[in-house]
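New to this structure? Have a look at it first, and then we'll walk through a few spots together.

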Amino acid sequence: MMQPEFLTFPDPDAVAAEAATRFLNLAEAAIAARGQFVVALAGGSTPERLYKLLATRELDWEKIVVFFSDDRFLSPASRFSNAGLALRLLPLNPKITYPVPAETSLDAAECAVQYERELVAALGPEPRFDLILLGMGDDGHTASLFPGKEALTARKLVTHSTPGVLPPPVDRITFTFLLINAARNVLFLVTGANKKEKVVRWRAGEGSVSTLPVLGVAPTEGTLTVLLDEAAGS
Ligand code: 6PG
């Protein structure tokens, strides 16, 4: 299984600065090569610093196609929505920004099916993201791929999950490992002492995908980089 490249930085601001530089470089290269940059944004709280930095940089947002690697089954208007955070902080092009369709779906299962339809309609039957941003919960989950849940083995591109142990206790819609591992580049942002124990196990390759879901991220033909602050990675 491919080993991630773990890079440690002094603090969360330095992690965000490194992630912003990588984001800009990948965006420039993708737009030059294919006319657009196809990115999946991460949820949770860690990416907020990155999004605030990206909002100050020169990016061709008209050519940046945005999906979300997971989200809660909530309206983007909710303060717990991952899409809501990005929409508030970034000048995204609404024509090519795809929040999960929570407001027009009966339940999380239907929402996942609809989101996969939108993904395939926008990117084709074998979507390959230029960049997928991810975080890691202190239980070792990533996206909404929680320990012990069925979503870990879903053979679709997008699936749904009941809540994990971390708040908010709402159903989730999430990229699967199948979709994540097709990406050209996967970049994790992991900060905070509460994640240290799982980072140690991750670096040692200890455990299984079921107990430590981040172990399931292993791009078939892509890069895998984990940006850590010292609290999480020392
Ligand atoms: C979510 C996120 C989740 C997040 C981790 C880390 O919807 O909760 O997508 O996977 O990346 O839980 O969250 P923090 O950045 O808040 O620690």
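What follows is a short tour of helix packing, pockets, a cavity and two backbone oddities.

Keep in mind that this is a predicted model. A good place to start is helix H2, which covers residues 47-54. Helix H2 touches helix H1 and also makes contact with helix H3, and it turns up again in the lining of the largest pocket.

**Where H1 meets H2**

- Helix H1 takes in residues 12-34, and its axis comes within 9 Å of the axis of H2, with the two crossing at roughly 50°.
- That angle makes H1 oblique to H2.
- As for handedness, the crossing of H1 and H2 is right-handed.
- On the H1 side, the residues in contact are Pro12, Asp13, Ala16, Ala17, Ala19, Ala20, Phe23 and Leu24, while H2 brings Arg49, Leu50, Leu53 and Leu54.
- Sorted by class, this H1 and H2 contact comes out as ten nonpolar and two charged residues, with no polar ones.

**Where H2 meets H3**

- The axes of H2 and H3 sit 9 Å apart, and the two helices pack at an angle of about 25°.
- So H2 counts as roughly parallel to H3.
- Here too you'll find a right-handed crossing, this time where H2 passes H3.
- From H2, the contact uses Glu48, Tyr51 and Lys52, and from H3 it uses Leu85, Ala86 and Leu89.
- By class, four nonpolar and two charged residues make up the contact of H2 with H3, and no polar ones join in.

**The largest pocket**

- If you're hunting for openings, the largest pocket has a volume of about 540 Å³.
- A total of 31 residues line the largest pocket, and the ones closest to its centre are Gly43, Gly44, Ser45, Thr46 and Arg72.
- Three elements give two or more residues to that lining: H2, strand E4 (70-72) and helix H3 (82-89).
- Which element gives the most to the lining of the largest pocket? That would be H3, with three residues.
- The lining of the largest pocket is a mix of eleven nonpolar, twelve polar and eight charged residues.

**The second largest pocket**

- Next in line is a pocket with a volume of about 150 Å³.
- Its lining is made up of Lys149, Glu150, Ala151, Ala154, Thr159, His160, Ser161 and Thr162.
- Those residues of the second largest pocket split into two nonpolar, four polar and two charged.

**The cavity**

- How many cavities of 30 Å³ or more does a search of the whole structure find? The search finds one.
- The largest cavity has a volume of about 40 Å³.
- Around the largest cavity you'll find Pro12, Val15, Ala16, Thr46, Arg49, Leu189 and Thr191.
- Helix H1 gives the most to the lining of this cavity, with three residues.
- By class, the cavity lining has four nonpolar residues, two polar ones and one charged one.
- Some of these names should ring a bell: Pro12, Ala16 and Arg49 also belong to the contact of H1 with H2, and Thr46 is among the residues closest to the centre of the largest pocket.

**Two backbone details**

- Pro167 and Pro168 are joined by a cis peptide bond, with omega at about -5°.
- To find Pro168, look in the loop between strand E6 (158-161) and strand E7 (172-175).
- Ala143 is not a glycine, and yet it has a positive phi of about 50°.
- You can spot Ala143 in the loop between strand E5 (131-134) and E6.

Definitions and conventions. Residues are numbered from 1 along each chain as its sequence is written. This is a predicted model: local features need pLDDT of at least 70, side-chain atom pairs count only at pLDDT 80 or more; totals for chains, interfaces and linings use all residues. Side-chain values use heavy atoms; hydrogens and water are left out. Axes are lines fitted to C-alpha atoms, for helices over the stretch in contact, and angles run from 0 to 180 degrees between N-to-C directions. Helices (H or I, at least four residues) and strands (E, at least two) are DSSP runs, numbered from the N terminus. Angles under 35 degrees count as roughly parallel, over 145 as roughly antiparallel, 65 to 115 as roughly perpendicular and the rest as oblique. A crossing is left-handed if the near helix is turned anticlockwise from the far one by less than a right angle, and right-handed if clockwise. Contact means heavy atoms within 4.5 Å. Ala, Val, Leu, Ile, Met, Phe, Trp, Tyr, Cys and Pro count as nonpolar, Asp, Glu, Lys and Arg as charged, and the others, Gly among them, as polar. On a 1 Å grid over the protein atoms alone, a cavity is a set of points where a 1.4 Å probe fits but cannot get out, and a pocket is an open set with protein on both sides within 12 Å along at least five of seven lines; lining residues have an atom within 4 Å of a point. Grid points are joined across faces, edges and corners, and a volume is the space filled by probe spheres set on the points.
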